Amino acid sequence: MFKYAKIINQQTGLCEVGVGTNTQFYNSIGMSELDVSQSDVDNCWYLSEKCPQKAEEQKLSEAKIIKQAENTRLAKLAVENGHVVFKGAEFETNAQTVGDLTATMLLMQASGLETYLWLSKDDQSISLSIEDFGTLGGLIAEFKNTIWQEKYIAYKSAIEQAETIVAVENIVIEY
């Protein structure tokens, strides 16, 4: 593309580039219209014929790394913001809730309590037994297993198998 530019390094073709259209100003500072491109290696501007660009394999690899990071971030969010339904109430699947459930179950065992009143995510007071806590823990583990062992792995595999940047970008990750 043609822009007002001044060559800084003849050997590499590195240029300073102006972004405006004031011909008189750019001419006054030694710039002229040149065919320049912005490098995806260092984001600097070069004469188009000397502009360093990443290899397609590197671009594809970087696109996959970015998409996989998105996959990991969204899977973590799904676990942190997820819930399971037990006895008609919603229970969070985040680490804090799992820790609280475990601690409460241990307290019940140590104290000989048969039930414990728990406030669910949707603000229902539910009386839970030790067996209920175990069942609930199993449901949460199953939920997390579905996220990490099924969905996450399926997206990861699709990302790894993508053969083009467009194919990587077209992978829509939804948990």
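**Asn43 sits in the loop between strands S3 and S4.** Strands here are DSSP runs of E with at least two residues and helices are runs of H or I with at least four, numbered from the N terminus. The structure is a predicted model, in which local features need pLDDT of at least 70 and side-chain atom pairs count only at pLDDT 80 or more, while totals for chains, interfaces and linings use all residues. Residues are numbered from 1 along each chain as its sequence is written, and side-chain values use heavy atoms, with hydrogens and water left out. Although Asn43 is not a glycine, its phi is positive, at about 65 degrees. Asn43 is exposed, having a relative accessible area of 55% (exposed means over 50%, buried under 20% and partly exposed in between, with a 1.4 Å probe and protein chains only).

**Strands S3 and S4 flank that loop and run antiparallel.** S3 covers residues 32-38 and S4 covers residues 45-47, with three bridges joining them (two strands pair if DSSP finds at least two bridges between them). If you follow S3 to Val36, you will find Leu47 of S4 standing opposite. As a reminder, strands of a sheet pair through backbone hydrogen bonds, either parallel or antiparallel.

**S3 and S4 also belong to a closed barrel of four strands.** Going round the barrel, the order is S1-S2-S4-S3, and the pairing is antiparallel. From one strand to the next, the twist averages 65 degrees (axes are lines fitted to C-alpha atoms, and angles run from 0 to 180 degrees between N-to-C directions).

**Lys59 makes a salt bridge with Asp40.** The closest N and O atoms of this pair are 3.3 Å apart (a salt bridge is a side-chain nitrogen of Lys or Arg within 4 Å of a carboxyl oxygen of Asp or Glu). Lys59 lies in helix H2, residues 56-81, and Asp40 in the loop between S3 and S4, so the salt bridge ties together parts that are 19 residues apart in sequence. Both partners are partly exposed: Lys59 has a relative accessibility of 24%, and Asp40 has a relative accessible area of 25%. Lys59 also forms a salt bridge with Glu56, with 3.4 Å between the closest N and O atoms. Lys59 and Glu56 are three residues apart in helix H2, so about one helical turn separates them.

**Glu70 and Lys67 meet through their side chains in a salt bridge.** Here the N to O distance is 3.3 Å. Both residues lie in helix H2, three residues apart, about one turn of the helix. Glu70 is partly exposed at 25% relative accessibility, whereas Lys67 counts as buried at 10%. Elsewhere, salt bridges that share partners join Asp40, Glu56 and Lys59 into one network. The count of salt bridges comes to five.

**Thr93 occupies the loop between strand S6 and helix H3.** S6 spans 89-92, and H3 spans 95-111. Is Thr93 buried or exposed? Thr93 is buried, as its relative accessible area is 0%. A polar atom of the Thr93 side chain lies 2.6 Å from the backbone oxygen of Val79 (a polar contact is a pair of N or O atoms within 3.5 Å, where one must be able to donate a hydrogen and the other to accept it).

**S7 and S8 form a hairpin with five residues between them.** The two strands run antiparallel, and five bridges join them. In the loop between S7 and S8, the latter spanning 125-129, look for Asp123. Its phi is near 60 degrees, a positive value in a residue other than glycine. Asp123 is exposed, with a relative accessible area of 61%.

**Tyr116 takes its place in strand S7, residues 115-119.** Which residue in S8 is the bridge partner of Tyr116? Leu128 is that partner. Tyr116 counts as partly exposed, with a relative accessibility of 30%. Together with Leu107 and Leu113, Tyr116 forms a nonpolar patch on the surface (patches take residues with over 30% relative accessible area and no salt bridge, joining nonpolar side chains within 5 Å and like charges within 9 Å). The accessible area of the three together is about 230 Å², with areas coming from the Shrake-Rupley method with a 1.4 Å probe.
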